[in-house]
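Me: I would like a close look at one part of this structure, taken slowly and with the residues named.

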Amino acid sequence: MALARVEQLSFTYPEAEHPALDDVSLELEPGEVVALLGPSGCGKSTLLRALAGLVPHFHGGRFAGRVEVGGHDTRRTRPADLAGTVATLFQDPEDQVVFTRVAAEVAFGLENVGAPPARIGARVAQGLTAVGAAHLAERRVAELSGGELQRVCLASVLALEPQLLLLDEPTSQLDPEGAEEAIELARAAGAAVVVSEQRPDRVLGACDRVLFLERGRIVLDAPRDEALGWLARHRPAWVPREAVLPAPGSAQEPSCRLDRVAFAYGDARVLEGFSLELARGEIVALVGPNGSGKTTLAKLASGLLEPSAGSVTCSGRACYLSQDPGRYLVRERAEDEVALAVGGDLARAREALRGVGLAGFEARHPRDLSSGERERLALAAVLVAAPDLLVLDEPTRGVDPERKDELAALLHAQASTRATLVVTNDLVFAGAVADRCVSTAPEREAALV
């Protein structure tokens, strides 16, 4: 008997012109792992929200059809009442956390579903251990890297032991080892698992079945092996690729130099004596494990942080694209957001939007865009300023494979105008875009190249 059933589901967000989902039908069996693929904005997150009951209860909008999970009709069952059956890891882990301490955050969900108090401590410890985050239990959430925070949020949903586990971009900020572990943990949980993912190499090896969405409709629903053949014929950008990283090296005539820099967040030291040089005309990929200081280095290079030791010397203007650009969007129209960096010049803003594939989005509200579309909007907002140093922190988060190829081509085309530093856990993208690769864990560098 199916654990979840979706029948002729159509859904349109308030004030949207087109439906996010259009006549979608599917069934989910207990224990199966389903990869949910498709371009940015195609409806993947909306389908997960519908399975969790958040659509329509939380988001409003026009809902037609039927969604049933564990025998409960989601139109008549509130999301809170589904919490013991369904658990969701959201696309933006920053928006999922409530408490300031890691252990309390993992315990929060268990307390809300009425887990026996005597068992909560053990389940918290088991969840953190499963995701390799036991050492973070007493850390402050605000001190975690993006990848560490994603691990903690994954521990929170695994600790709930749900029947249906919904993972929305669960590996977007994880290093390769963590990403592989996350998918295997989800499979081992025994629940039915639906994984929305923009890095197909990270999920296609572990799934039983593949759904491919386009413009709100399912264009493929097939077992994995059959789906791989279909992707190769019809959507080759989604076929898993091997990461081929460029060799490490030194910059020629550097325009930005970090010399033996150190930095600590309170008592937590994340960098000690690290050096990096960046030259105009080159693209450098910065890789390394979660929590090893990649984002801290990016902020030091951009002038957003001051080192506690060592020095940073950069010439010209630096622009930094954060891991979570959605937090910094302040205007109500996409073109106005981009124009902020150039004194309100809408012509330049519209040209920048075209450059990242968002022509026609000028009047859209940034909060109405998908995660991948918001990422591209934020990219336009830094590119429009024509920086001498461009620092991109996880720029492929939420971005589909075809858009990643376009981003790599765009950065290559503009490389001669600046020095570019790309912080990423997406090794396939790093291999496609970078001239040189630097690791925050040099002892692993030989294995990465």
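In which kind of crossing, left-handed or right-handed, does H4 pass H6? Please describe the packing around H4 in full as well.

Reply: In this predicted model, H4 passes H6 in a right-handed crossing. Helix H6 covers residues 146–159, and its axis lies 8 Å from that of H4 at an angle of about 30 degrees; because angles under 35 degrees count as roughly parallel, H4 is roughly parallel to H6. On the H4 side this contact is made by Val102, Glu105, Val106 and Leu110, which meet Val152, Ala155, Ser156 and Ala159 of H6. Sorted by class, the residues of the contact between H4 and H6 are six nonpolar, one polar and one charged.

H4 itself, residues 102–112, also packs with helix H5, residues 117–130, where the two axes come within 9 Å and cross at roughly 120 degrees. H4 and H5 are therefore oblique to each other, and their crossing, too, is right-handed. Here Val102, Ala103, Val106, Ala107, Leu110 and Glu111 of H4 meet Ile120, Arg123, Val124 and Leu128 of H5, and the residues of this contact divide into eight nonpolar, no polar and two charged.

Reading the two contacts side by side, Val102, Val106 and Leu110 of H4 appear both in the contact with H5 and in the contact with H6, whereas Glu105 is listed in the contact with H6 and Glu111 in the contact with H5.

Note on methods:
Residues are numbered from 1 along each chain as its sequence is written. This is a predicted model: local features need pLDDT of at least 70, side-chain atom pairs count only at pLDDT 80 or more; totals for chains, interfaces and linings use all residues. Side-chain values use heavy atoms; hydrogens and water are left out. Axes are lines fitted to C-alpha atoms, for helices over the stretch in contact, and angles run from 0 to 180 degrees between N-to-C directions. Helices (H or I, at least four residues) and strands (E, at least two) are DSSP runs, numbered from the N terminus. Angles under 35 degrees count as roughly parallel, over 145 as roughly antiparallel, 65 to 115 as roughly perpendicular and the rest as oblique. A crossing is left-handed if the near helix is turned anticlockwise from the far one by less than a right angle, and right-handed if clockwise. Contact means heavy atoms within 4.5 Å. Ala, Val, Leu, Ile, Met, Phe, Trp, Tyr, Cys and Pro count as nonpolar, Asp, Glu, Lys and Arg as charged, and the others, Gly among them, as polar.
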